[in-house]
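Subject: Handover of a structure and the findings

Dear colleague,

Please find the structure below, together with its sequence. The findings follow directly after it, grouped by topic.

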Amino acid sequence: MQLCVIGTGYVGLTTGACLAAIGHDVICTDADAAKIANLNQGKLPIFEERLPEVIAAAVAAGRLRFTSDGNAAIAAAETVFICVGTPPDADGKANLAAVEAVARQIAQNARGYRLVIGKSTVPVRTGDQIKRVLTTYASGRFECDVASNPEFLREGTGVYDFFHPDRIVTGSDSDRAATRLREIYAPVLEGRFQCGWHQQAASACGWKPPAWVATSIKSAELIKHASNSFLSMKISYANAIADICELAGADSSEVLRGLGLDRRIGADFLRPGIGFGGFCFPKDLSAFIEMTAELGYDFRLLREVQAVNARRVEQFMRKVREELWVLQGKTLGVLGLAFKAGTDDTRLSPAYGVVRELLRLGAHVRAYDPQAMERARQELSGPIEYCERAEDVAEGADAILILTEWPQFRDADWPAMANRMARALVLDGRNLFEPGELSRHGFHYRGLGRAPSDAVAAPALSS
Ligand code: UDX
């Protein structure tokens with residue numbers, strides 16, 4: 001099938017490449033001509049595991065093209081995915097200017113029939129507005145259906161998520177649209193693909209048939225915001241429980257494990273930390289609160305979710321100050337700058353919140369992140385030394401702060417790091433370690449929602 005994907009951000013690029021990988025002919029277009037030029041030279045604007053390979057294979061097979069000529073791309077494909085950004089306005093509402101502009105562009109360049117699928121995260125009833133724009137600005141004989149097909153791809157594992165979704169949600173109001181949507185996703189629904197993640201047949205890599213959730217357009221739009229808000233709520237809940245554990249002298253790992261093993265609750269998204277960041281949860285939560293307010297519903301529950309999240313960095317900094325008292329002139333080793341592991345994305349990263357606070361208080365920062373350092377160099381200012389290896393942040397440091405849950409930090413040479421530090425202290429903002437794991441290497445360790453664990457003295461040498 002001929003598909004056009006408008007917008008080559010995290011969502012559009014991953015979706016376009018994976019749609020090509022399952023056999024469609026895909027043209028990706030973007031208003032940013034430099035981005036398209038880079039993509040045509042094989043340079044990706046983001047770090048996303050396995051995406052370079054999936055793109056290279058689809059381009060080589062002639063099924064994926066990139067063009068800055070959006071009009072021609074729209075003219076060439078009967079199905080158009082809208083994957084442009086919906087950034088927050090100052091009041092927290094989603095800014096839909098790009099969605100509107102693209103809808104107009106489609107209306108002006110399409111002839112015959114088009115299925116226009118909204119993938120950008122948008123407030124409920126945006127589908128109605130897209131349909132209105134498409135019919136108002138149509139400049140020739142043009143017939144269209146509008147559909148909503150929200151994405152649930154996580155940054156860093158977007159390729160995996162495309163091939164292994166729990167569900168595929170499609171909202172439409174015509175049989176014609178519903179049938180085409182099913183045809184587009186048939187290879188994923190039936191496991192007919194070489195999994196771009198494992199380079200194996202779907203059946204060999206743990207693929208399970210996803211649920212096909214066909215709804216009205218409004219329901220599909222709401223499912224996306226309701227899902228992301230629920231997941232944010234789970235994280236804030238876990239963070240609140242971690243705080244309570246600390247006050248009560250319980251261990252949050254034990255409590256949250258006990259909670260998550262109830263199948264009705266589920267273990268995912270119960271990891272306490274310095275807060276959720278990135279460009280989805282914080283933005284979608286505000287947009288959902290604003291949108292429901294417009295509908296006449298005061299979503300106080302979600303306001304509290306935001307409030308709990310907003311206090312995370314401050315609370316973590318309180319622990320840092322408790323341990324180090326004065327920060328002026330001290331050296332802090334920072335592990336992690338990205339908003340989560342597996343990505344180079346630093347947008348609304350809570351790690352940045354901590355680093356900025358350290359700098360404000362006069363500390364020197366030695367930082368390392370496996371992917372986000374280039375961005376951080378451009379985005380953060382102040383006395384930050386960027387290190388080549390995780391181990392190097394320890395040099396002369398008064399403490400190491402773990403701010404992103406990169407699993408490779410667990411494999412660093414912690415005994416050697418303890419020897420390089422002014423004081424062997426770790427404050428773990430992601431509970432990457434279990435209590436006791438670092439103490440045996442001589443560290444005083446503090447995680448979240450659990451008692452600090454003291455350095456275990458090395459056994460005395462026998463003569
Ligand atoms: C999210 C949704 O998961 C995805 O379905 C949607 O399409 C886009 O938004 P993403 O923003 O890539 O994906 O990140 P996610 O993995 O959901 O994590 C979001 C934030 O929550 C990160 O800062 C992460 O560190 C934090 N988090 C996550 C926790 O603090 N605790 C957890 O248990 C899980």
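Which residue has its backbone nitrogen 2.5 Å from a polar atom of the side chain of Glu437? In this predicted model, that backbone nitrogen belongs to Glu434.

**Glu437 and its partner**

Glu437 is placed in the loop that runs between strand S15 (425-428) and strand S16 (444-446). The side chain of Glu437 also makes a polar contact of 2.6 Å with the side chain of Arg410. This pair counts as a salt bridge, with 2.6 Å between the closest N and O atoms. Arg410 lies in the loop between strand S14 (399-402) and helix H16 (414-420), so the salt bridge ties together parts that are 27 residues apart in sequence. Between the C-alpha atoms of Glu437 and Arg410 the separation is 9.9 Å. Arg410 is partly exposed, because its relative accessible area is 35%.

The loop between S15 and S16 also holds Asn431. Phi of Asn431 is positive, near 45°, although the residue is not a glycine. With a relative accessible area of 13%, which is under the 20% limit, Asn431 is buried.

**Domains**

The domain assignment divides the chain into domain 1 (2-215), domain 2 (223-310) and domain 3 (312-446). The C-alpha centres of domain 1 and domain 2 are 28 Å apart. At their interface, 19 residues of domain 1 are in contact with 13 residues of domain 2. The size of an interface is often given as the accessible area lost when the parts come together. For domain 1 and domain 2 the buried area is about 1,300 Å², and 67% of it is on carbon and sulfur atoms.

Between these two domains there are 2 salt bridges. Lys224 and Glu151 form a salt bridge through their side chains, at 2.9 Å from N to O. Polar contacts across the interface of domain 1 and domain 2 join 7 residue pairs. On the side of domain 1 that touches domain 2, strand S7 (167-172) and strand S10 (211-215) each contribute at least two residues. That side of domain 1 is made up of 10 nonpolar, 4 polar and 5 charged residues.

**Salt bridges elsewhere**

Over the whole structure, the search gives 34 salt bridges. One of them joins Glu294 to Lys93, with the closest N and O atoms 3.3 Å apart. This pair links distant parts of the chain, 201 residues apart: Glu294 belongs to helix H11 (residues 281-294), and Lys93 to the loop between strand S4 (79-82) and helix H5 (97-109). Glu294 is exposed at 55% relative accessible area, whereas Lys93 is partly exposed at 30%.

Glu246 and Lys319 also meet in a salt bridge, at 3.0 Å from N to O. Glu246 is in helix H9 (residues 217-248) and Lys319 in helix H13 (residues 312-324), so this salt bridge ties together parts that are 73 residues apart in sequence. Lys319 is buried at 8% relative accessibility, while Glu246 is partly exposed at 33%. In addition, a network of salt bridges links Glu322, Glu323, Arg423 and Arg446.

**Thr8 and helix H2**

Is Thr8 buried or exposed? Thr8 counts as buried, because its relative accessibility is 1%. Thr8 sits in the loop between strand S1 (2-6) and helix H1 (10-21), and the side chains of Thr8 and Asp30 are joined by a polar contact of 2.7 Å. Beyond four places in sequence, the contacts of Thr8 include Cys28, Thr29, Ile36, Leu39 and Pro45.

Asp32 caps the N-terminal end of helix H2 (residues 33-40), with a side-chain oxygen 3.1 Å from the backbone nitrogen of Ala34. Just after H2, Gly42 has a positive phi of about 80°.

**Helix H14 and the loop that leads to it**

Leu348 is located in the loop between strand S11 (331-335) and H14. Leu348 is not a glycine, yet has a positive phi of about 50°. At 51% relative accessibility, Leu348 counts as exposed, because the limit is over 50%. Arg360, in helix H14 (residues 350-360), is exposed as well, at 59% relative accessibility. The C-alpha atoms of Arg360 and Thr179 are 57 Å apart, and 181 residues separate the two along the chain.

With kind regards

Key
Residues are numbered from 1 along each chain as its sequence is written. This is a predicted model: local features need pLDDT of at least 70, side-chain atom pairs count only at pLDDT 80 or more; totals for chains, interfaces and linings use all residues. Side-chain values use heavy atoms; hydrogens and water are left out. Domain bounds come from an automatic or database domain assignment. Contact means heavy atoms within 4.5 Å. Buried area is the accessible area (1.4 Å probe) that two parts lose on being put together, summed over both. A salt bridge is a side-chain nitrogen of Lys or Arg within 4 Å of a carboxyl oxygen of Asp or Glu. A polar contact is a pair of N or O atoms within 3.5 Å; within protein, one must be able to donate a hydrogen and the other to accept it, and residues adjacent in sequence count only if both atoms are side-chain atoms. Helices (H or I, at least four residues) and strands (E, at least two) are DSSP runs, numbered from the N terminus. Ala, Val, Leu, Ile, Met, Phe, Trp, Tyr, Cys and Pro count as nonpolar, Asp, Glu, Lys and Arg as charged, and the others, Gly among them, as polar. Buried means under 20% relative accessible area, exposed over 50%, partly exposed in between (1.4 Å probe, protein chains only).
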